[in-house]
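User: Hey, got a minute to walk through this model with me? I'd like to go over it piece by piece.

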Amino acid sequence: MNASGSNVPGDAGSRPSVSRRTPKETQEQVARSLKRRYWAERRFRMYGLAAVLIGIVFVLFLFATIIAKGASTFRQSYVKLDVFYDPAIIDPAGTRKPEDIANADYQAIIRAALRERFPNVEGRRDTRELTRLVSSGASFDLRSRVKNNEDLIGQRETQWVLASDDVDMLMKGRISRETADDGGPLSAQQIGWIDSLAEADALELRFNRTFFTHGDSREPEQAGVGGAVMGSLFTLALTLLLSFPIGVSAAIYLEEFARKNRWTDLIEVNINNLAAVPSIVFGLLGLAVFIGFFGLPRSAPLVGALVLTLLTLPTIIIASRAALKGVPPSIREAALGMGASKIQMVTHHVLPLAMPGMLTGTIIGMARALGETAPLLMIGMVAFIVDVPRGFTDPATVLPVQVFLWADSPERAFVERTSGAIIVLLAFLVVMNATAVVLRNRFERRW
Amino acid sequence: MTPAALLVVLVGLSLLAYTLGKSRALAAVGGSRGIRNLHSLPSYYGALTALWCALPALVVFGIWLAFQDAIITRLVTSHMPADVQALSPQELSLVINDVHNVVQGNVSFENARPEVRAAAEEYIELRRISRLALTGLVIAIGIVGLVVVRSRISPQFRARNAVEKAVEWGLIGCSLIAVLTTVGIIASVAFEAARFFGQVPWYEFLFGLNWSPQTAIRADQVGSSGSFGAVPLFWGTALISGIAMIVAVPIGLFSAIYLAEYAHRKFRAWTKPFLEVLAGIPTVVYGFFAALTIGPALRGWGEAFGLEVATESALAAGLVMGIMIVPFVSSLADDMITAVPQSLRDGAYALGATKSETIRQVVIRAALPGIVGGVLLAVSRAIGETMIVVMAAGLAANLTANPFEAVTTVTVQIVTLLVGDQEFDSPKTLAAFALGLVLFLVTLGLNILALHIVKKYREQYE
């Protein structure tokens, strides 16, 4: 015990030297030490408060950095161009065959529109620098417009087209206005064009739809979380479909039917341990068993869901058992007394009462599954996937893996995208957790 | 019929079985008036008929599908030209792969070689026959089950007991999945690890000091013999987890003490969810934060003090991991502290102790076993944490105690070895499973120990 130990009377009583003191002396000694002890008390309390504050400050700091880095993702630079859908470029033969329209050089149309905007740009080098202001994805947008409406051919139209990522970064102030000679990504000439476009209100930040509808891309301005969100939805839907019934059934068996013996003890210890096994080990299991042994397709939401089911089962079982424990025995006895069988007692009375608690646990388990990354890396959901998945066996990626992939990309604009994807991910998590809290507060009964 | 369509038909058939069984039971007692004479409610007769219609058929369906491909592939292989069959097993498996690709439509028929095309045609024909047979068999079994059970329905028939028995077995099956998962983990990881130890001796793996898993593709290649000494990985894991615990244990413990013993109820109600947010943030977000904010910041500060700090330093990963674990430590410690009976505190106050003295010398000491258990659980969490270290720690296996240098961990190596193209036989891939086995065993040991301590402690005050 430390120096202050002697101040605790219980401790002091065991020492013969103290017992010889008079009560008055003892009182004086205690009074002398009081200042120090109160000071220690205050210090201890401050440590506690500091620890709590560190946690809170970190949460705020984390959210602030992510939002500061990522909020601008939801707006994207677009250039206003006066586009002429030149029949000579799109459909020189005039056949209007879909293949011809699909294979036409829409880049040339954009180039022409840009030249029209800046008539005094000449020479191949300058023209190329000028076209670099617009994203290569802009030509795909024009193509799909023409595909949907062939009457556009030969017409003129004012169209906002996607700007390139460097222009976007400059507009958002994420890169300095240093010219290419000083190591910046844009040349002095390009910055001049950007300024003149911005002054004429022909270059502005608009809502970034691409980010929500597109899949992954090598070009930051065309990359979106649409594919990852769909992948997450497919994976989570199947996980829920599998883990909720299995988890609830297992909890019912263990809580209502199983006799206490070594076998059920084993199952219980097992479940508690599984809840603490590192998630990456579940990934190894998925890789060796589902992909290696059963030959299921790699990168598919199907396998992801199977792995996540095994991962979330312990959480759901533990929460469901707690919910079942919360239902008072009197309800069971009443049901049995009315002649219900054990299964009827559970399905008609206990289960409906425990359902809010079970659902809360399930939502929390699903939220964990949504944020899980490592096991999905193991089963190959890290592939570069441009298409938005349409089924359970299509190659797909999920939101947290998309964050991981983009975090590795060197382009400046991808830092912004990554933070944007994190904001989307956190938004989903907040909604799920809020639902769980509301469910718990509204429907959970206490007896 | 495709398997999916067959399943739909089977569902339809069992619905039919349900109504037939129910109506039969009612008919046996002369309509709903005589329902008192039935042993069970009519719906149980329906359910039992449906079960007997669907379950045996489903079992056959599952077994058939599990073996269908293997059997057809063997048949097709045995009919291949003699020169193809004479190929070595590896080459033969490549040919079979081609056949599968053609069958699945990944490669068009026109582009395939003639022998592959012939085999694919045979495969498709055999599969057609197999599916036809399966459809017939499954439907026949379903109908037989339906008819047999329906014919046995009588007022004395104990349908409810039979259905409930089946449901109970279903529940048992669900709870067994958890056990099967553990068995699956141990079997799969240990099996691959055993193959690894067949190629690399276990003592070299456990005690070797050199980790460079790049193996030579050709035998004559220089400088990439591949060595699998995992000590640097264990050390890196320990270093980063150690830093994390140095952060997490004091902050977690103190915040638990403050919230449980000092804080005003309102303050507690507001701050506790805030701290729990930390537990809900996906680890990939922590990883991103560690790699892009904390790592460079530490490097900058290090430069200001004349220290050389790697961007992927162990310190950055450890700090962020520590913060991640804080809510874990604090919620467990909170449980343990509130479980200490009030009478112990009252006793200390009565003897004149101040609040902090009571906490330090009575409450913490009484809760110590539980807290130690919680910390052990947190350690196992730190060891198994993957995304933070994958994103923020390095790849080079350094054996250093300097937290400013980059180290690598077991989980980082598992991810790097297994992500990307891989073959299942190379020691490089198998090494990941050996690491996984070590990781699983260590965390399992820690968990069992910790849960045991926590359980013992809980019993003490109950």
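User: Starting with domains 1 and 3 of chain A, how many residues of each are in contact?
Analyst: Four residues from domain 1 of chain A are in contact with six from domain 3 of chain A. Bear in mind that this is a predicted model.

User: OK. What classes of residue are on the domain 1 side of that contact?
Analyst: On the side of domain 1 of chain A that touches domain 3 of chain A, two are nonpolar, one is polar and one is charged.

User: And how far apart are the C-alpha centres of those two domains?
Analyst: The centres of domain 1 and domain 3 of chain A are 43 Å apart.

User: Where do the domains of chain A start and end?
Analyst: Domain 1 covers 3-70, domain 2 covers 74-216 and domain 3 covers 226-443.

User: What about the overall shape, how does the radius of gyration of chain A sit against a compact globule?
Analyst: Chain A has 33 Å, whereas a compact globule of 447 residues would be near 22 Å. The C-alpha trace of chain A spans about 110 × 70 × 40 Å along its principal axes.

User: How many helices and strands are in chain A?
Analyst: Chain A has 20 helices and three strands. Buried residues are 41% of its 447 residues.

User: Switching to the contact between chains A and B, how many residues does each put in?
Analyst: Chain A puts in 69 residues and chain B puts in 73.

User: Which helix gives the most on the chain A side?
Analyst: That would be helix α3 (residues 23-70) of chain A, with 18 residues. By class, the side of chain A that touches chain B has 51 nonpolar residues, 15 polar and three charged.

User: Now chain B. Where does α6(B) bend?
Analyst: At B:Ile177, by about 30°. Helix α6 (residues 159-199) of chain B still reaches 58 Å from its first C-alpha to its last, close to the 60 Å expected for its 41 residues.

User: Last one, B:Leu417. Which helix is that in, and is it buried or exposed?
Analyst: B:Leu417 lies in helix α15 (residues 410-418) of chain B. B:Leu417 counts as buried because 20 other C-beta atoms lie within 10 Å, and the cut-off for buried is 20 or more.

User: What does B:Leu417 touch, leaving out residues up to four places away in sequence?
Analyst: B:Leu417 touches B:Pro213, B:Lys428, B:Thr429, B:Ala431 and B:Ala432. As for B:Lys428, it is 11 residues from B:Leu417 along the chain, and their C-alpha atoms are separated by 6.6 Å.

Note on methods. Residues are numbered from 1 along each chain as its sequence is written. Chains are lettered from A and ligands numbered from 1 in the order in which they are written. This is a predicted model: local features need pLDDT of at least 70, side-chain atom pairs count only at pLDDT 80 or more; totals for chains, interfaces and linings use all residues. Domain bounds come from an automatic or database domain assignment. Two residues are in contact if their C-beta atoms, placed from the backbone, lie within 7 Å. Ala, Val, Leu, Ile, Met, Phe, Trp, Tyr, Cys and Pro count as nonpolar, Asp, Glu, Lys and Arg as charged, and the others, Gly among them, as polar. Helices (H or I, at least four residues) and strands (E, at least two) are DSSP runs, numbered from the N terminus. A residue is buried if 20 or more other C-beta atoms lie within 10 Å of its own, exposed if 12 or fewer, and partly exposed in between; C-beta atoms are placed from the backbone. The expected span of a helix is 1.5 Å times one less than its number of residues. The bend at a residue is the angle between axes fitted to the seven residues ending there and the seven starting there. The radius of gyration is taken over C-alpha atoms; the globule rule is 2.2 Å times the number of residues to the power 0.38.
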